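Work through the exercises below with the sequence and the model open. Try each task before reading its solution.

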Amino acid sequence: MNLTERYQKKLDRMQTADAGLDGVLVQIEVTNACNHKCVFCPNADSRRKKKMIDFKLAQRVMRECAEFLGDDKRICFHMNGEPLLYKHLSELVRYSKELGYNYSFLTTNGSLADEKFLTELFEAGLDSIKFSINAGSKETYKKIHGADDYDHAINALKFSWEYRKKTQKDIKIFVSCVGIKDNYEELVQLNELAKQYSDEVVFYYPCSYAGQKTDQVEKMYCDMSKLPIKTFEIKHSAPCPVLWNSINVTCDGYLSLCCSEADNRLVIEDLNHMSVKDAWMGSKMQRVRKIHEQIQEGIIETTPCYSCITGKQYDENKIDMDLFELALRKQ
Ligand code: SF4
């Protein structure tokens, strides 16, 4: 599966009645801390306290999901934040393989991915790594990422490619970049370099991340359609398949509707006090799914999804407080 197929799979409509629990993605935010401050990233402006997931909680979530999900088990160790800041990352990757997850992957900015760390991750069984590299030169990279790590990221990419060649392991290596006005002139250059060391290079359009970056998206946006690069635009509509396709767990131990939010405004249940299965199949999730199903084209004003779907800021007074009490309380 390449990167665009993986995204498409997540965005494809899943009929709950017959789709079963095969292929549901488990996403674990091992940390919301990050050593970069990318201009398009909602996490860069997040006010949420930075923390690392409790190792035992992460293991419990993975174990419970492995028990109730189908045979096609997929897990991602990234939502917000830089996952390589989490010191138990390789242990979690190894544990995922012990539990029978057939596809374990993550996204990283690559700045901390030295040869030792990468080797540990690959030896633990990581199936796929995506490097988020958002510029084609050191100068622009520093401006966009807020850190001078272009060389580290490129070296990590090259090492991963060579490691795969040497070991013949079945590891997928991807590169992604958010195309914006600031890096537009370098996108083709980045593509030419990155495609030599990866299976696929994909350029995303900036998105509002559930309304967090609504104002900025318009200012950053540039049309990439004329460039000889592969682009992908993430667009959500109701009913949103992510509600059926993905179990998203924040580093605080909350179940979130999706991975697109840095300030916990989409959290709906507290997994510190209930099982993942009870939460994900429970009455609150079912109610949100119902709201999405009933209003095919309409505006889902009682949920924060309104922002994600319409690109406009939601009105907090219209949010269903029974469903999102936890999210609003945690702001
Ligand atoms: S905010 Fe709502 S509509 Fe947007 S991706 Fe998340 S669940 Fe889907």
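**Exercise 1. Determine how α4 passes α5, and describe the contact.**

Step 1. Get the handedness. The crossing of α4 over α5 is right-handed; a crossing is right-handed if the near helix is turned clockwise from the far one by less than a right angle, and left-handed if anticlockwise. Helices here are DSSP runs of H or I with at least four residues, strands are E runs of at least two, and both are numbered from the N terminus.

Step 2. Get the geometry. Helix α4 covers residues 89–98 and helix α5 covers residues 115–124. They pack at an angle of about 15°, and their axes are 8 Å apart. That makes α4 roughly parallel to α5. Axes are lines fitted to C-alpha atoms, for helices over the stretch in contact, and angles between N-to-C directions run from 0 to 180 degrees. Angles under 35 degrees count as roughly parallel, over 145 as roughly antiparallel, 65 to 115 as roughly perpendicular and the rest as oblique.

Step 3. List the contact, meaning heavy atoms within 4.5 Å. From α4 come Leu89, Ser90, Val93, Arg94 and Lys97; from α5 come Phe117, Glu120, Leu121, Glu123 and Ala124. By class, this contact has 5 nonpolar, 1 polar and 4 charged residues. Ala, Val, Leu, Ile, Met, Phe, Trp, Tyr, Cys and Pro count as nonpolar, Asp, Glu, Lys and Arg as charged, and the others, Gly among them, as polar.

A note on the source: this is a predicted model, where local features need pLDDT of at least 70, side-chain atom pairs count only at pLDDT 80 or more, and totals for chains, interfaces and linings use all residues. Residues are numbered from 1 along each chain as its sequence is written, and side-chain values use heavy atoms, with hydrogens and water left out.

**Exercise 2. Find the buried residues of α4 and what they pack against.**

Step 1. Apply the cut-offs. Buried means under 20% relative accessible area, exposed over 50%, and partly exposed in between (1.4 Å probe, protein chains only).

Step 2. Read off the residues. Leu89, Ser90, Leu92, Val93, Tyr95 and Ser96 are the buried residues of α4.

Step 3. Find their partners. These buried residues pack against α3 (55–68), β2 (74–76), β3 and α5.

Step 4. Look just past the helix. Gly100 there has a positive phi of about 95°.

**Exercise 3. Describe how α5 meets α7.**

Step 1. The axes of α5 and α7 come within 10 Å and cross at roughly 45°. The two helices are therefore oblique to each other. Their crossing is right-handed.

Step 2. α5 contributes Glu115, Leu118, Thr119, Phe122 and Glu123, and α7 contributes Ala156, Phe159, Ser160 and Tyr163. By class, this contact has 5 nonpolar, 2 polar and 2 charged residues.

**Exercise 4. Place β3 in the sheet: is it buried or exposed?**

Step 1. Set out the sheet. It is open, with 10 strands in the order β7-β6-β5-β4-β3-β2-β1-β8-β9-β10 and mixed pairing. β7 (231–232) and β10 (267–270) are the edge strands, each pairing on one side only. Two strands pair if DSSP finds at least two bridges between them.

Step 2. Check the neighbours. β2 and β3 run parallel and are joined by 3 bridges; Ile75 has Ser104 in β3 as its bridge partner. β3 (residues 103–108) and β4 (residues 128–132) also run parallel, with 4 bridges. Thr108 has Phe131 in β4 as its bridge partner.

Step 3. Sort the faces. In a regular strand the side chains alternate between the two faces of the sheet. In β3, Tyr103, Phe105 and Thr107 lie on one side and Ser104, Leu106 and Thr108 on the other, all buried.

Step 4. Conclude. 6 of the 6 residues of β3 are buried, so the strand is largely enclosed by the rest of the structure.

**Exercise 5. Place two residues with positive phi, Gln168 and Asn264.**

Step 1. Gln168 is not a glycine, yet has a positive phi of about 60°. Gln168 sits in the loop between α7 (150–167) and β5. At 66% relative accessibility, Gln168 counts as exposed.

Step 2. Asn264 is not a glycine either, and has a positive phi of about 60°. Its loop runs between β9 (254–256) and β10. At 5% relative accessibility, Asn264 counts as buried.
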